[in-house]
Amino acid sequence: MIKEFFYFPKSDRRVIIFLLVVIVLSVIIISVTDNGGMSSQLAKTDSLKADTVTYGKTARRQRHYVYNVETAPRELFAFDPNTADSTQLLRLGLQPWQVQNIYKYRAKGGVYRKPSDFARLYGLTAKQYRELLPYIRISDDYRPAAELYGNADEKKYERDTVLYPVKLQPGQYVMLDDADTTALKKVPGIGRYYASEIVRYRNALGGYVSVSQLSEIEGFPETALPYFKVSGHSVRKLNLNRLTLNQLKRHPYINFYQARHIIDYRRLKGPLRSLDDLKLLKDFTPRDIERLRPYVEF
């Protein structure tokens, strides 16, 4: 029974023998080429040497690799962590596993753009970083490209645009006689609205004769008044004896009733010879007459 159970045909016996030979050869090859399962990940060009050290006296001897760098004296010198090789990094006192981490970081595209980036090295102590910091030199090639178009030390030019003009400094001023809205918006507190109102009121008056006239614009900021000056030489005069009712009442200092009184006076008593003639009219106060004086002629 047993003999029949282990009986194999001749062809099967050949296959089994072949498989046994392959298994034995595989075991021998693995035993010969086994290196303990550890290897260095650093470049072959690095000047790191590995010594084989045997531990234990058991039948199965385990082999480990350690770096023979203890004999190399520690030395501090200028280095760029983006380009320094393992020999230089080890001379600085870094551990082999720290050097490997630097290599892995650079292999993945990592870049040290500033010395403080090197402080993120895993396992680097604060003491080591303080000692190495004075010697870290980052090449300009690794600076962000955006820095090429701006330098904090370079002179900064002030912006002066239509939308965001540079405001005047104390002591500077704008002439009200002919300033346009662009110049007026440079006054602190004056934006597009008040700049337009200043020009509109100037055209309605026929020109400014005093800076205080700006206060007649509703809501005008008084803090802006010191930034204006006026000569008063380009004022447009009104001839009270020639203008019609509609023309007279367009002036900010003459209302409809005052314009009608002027027309009636001219019709009944003849042309006006001076503003004193208007004192006899009830709708003209002394203040109204004084405001009109720079703007009338006869």
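Asn 255 caps the N-terminal end of helix H9, with a side-chain oxygen placed 3.1 Å from the backbone nitrogen of Tyr 257. I should state at once that this is a predicted model, and that the values I quote are computed from it.

Let me stay with H9, which runs from residue 256 to residue 269. With 14 residues at 1.5 Å a residue, H9 should span 20 Å, and its end C-alpha atoms are indeed 20 Å apart, so the expected and computed spans agree. Just after the helix, Gly 270 takes a positive phi of about 95°.

Which residues of H9 are buried? They are Gln 258, Ala 259, His 261, Ile 262 and Tyr 265. Viewed down the helix axis, the buried residues fall within an arc of 160°, and they therefore line one face of H9. The cover over these buried residues includes H8 and H10. On the face turned away from the buried side, H9 carries the exposed residues Arg 267 and Leu 268.

I turn now to the aromatic residues. A search of the whole structure finds ten aromatic pairs, and I shall describe two of them.

The first on my list joins Phe 79 and Phe 118. Their ring centres are 5.8 Å apart and their planes meet at 70°; because planes over 60 degrees apart count as edge-to-face, the pair is assigned to that class. Phe 79 lies in the loop between strand S2 and helix H3, while Phe 118 lies in the loop between helices H4 and H5, so the pair ties together parts that are 39 residues apart in sequence. Both Phe 79 and Phe 118 are buried. These two residues also belong to one aromatic cluster with Tyr 105 and Tyr 112.

The other pair brings us back to the surroundings of H9. Tyr 253 and Tyr 295 have ring centres 5.9 Å apart and planes at 75°, so this pair is edge-to-face. Tyr 253 is in the loop between H8 and H9, and Tyr 295 is in the loop between H10 and strand S6; the pair therefore ties together parts that are 42 residues apart in sequence. Tyr 253 is buried, with a relative accessible area of 3%, and Tyr 295 is buried, with a relative accessible area of 0%.

Finally, I note two charged side chains placed over rings. Arg 106 lies over the face of Tyr 103, at 5.0 Å from the ring centre. Lys 229 lies over the face of Tyr 173, at 4.3 Å from the ring centre.

How values were computed: Residues are numbered from 1 along each chain as its sequence is written. This is a predicted model: local features need pLDDT of at least 70, side-chain atom pairs count only at pLDDT 80 or more; totals for chains, interfaces and linings use all residues. Side-chain values use heavy atoms; hydrogens and water are left out. Rings of Phe, Tyr and Trp (its six-membered ring) pair if their centres lie within 6.5 Å; planes under 30 degrees apart count as stacked, over 60 as edge-to-face and the rest as tilted. Helices (H or I, at least four residues) and strands (E, at least two) are DSSP runs, numbered from the N terminus. Buried means under 20% relative accessible area, exposed over 50%, partly exposed in between (1.4 Å probe, protein chains only). A charge sits over a ring if NZ of Lys or CZ of Arg is within 6 Å of the ring centre and within 35 degrees of the ring normal. The expected span of a helix is 1.5 Å times one less than its number of residues. The arc is that of the directions from the helix axis to the C-beta atoms. Contact means heavy atoms within 4.5 Å. A polar contact is a pair of N or O atoms within 3.5 Å; within protein, one must be able to donate a hydrogen and the other to accept it, and residues adjacent in sequence count only if both atoms are side-chain atoms.
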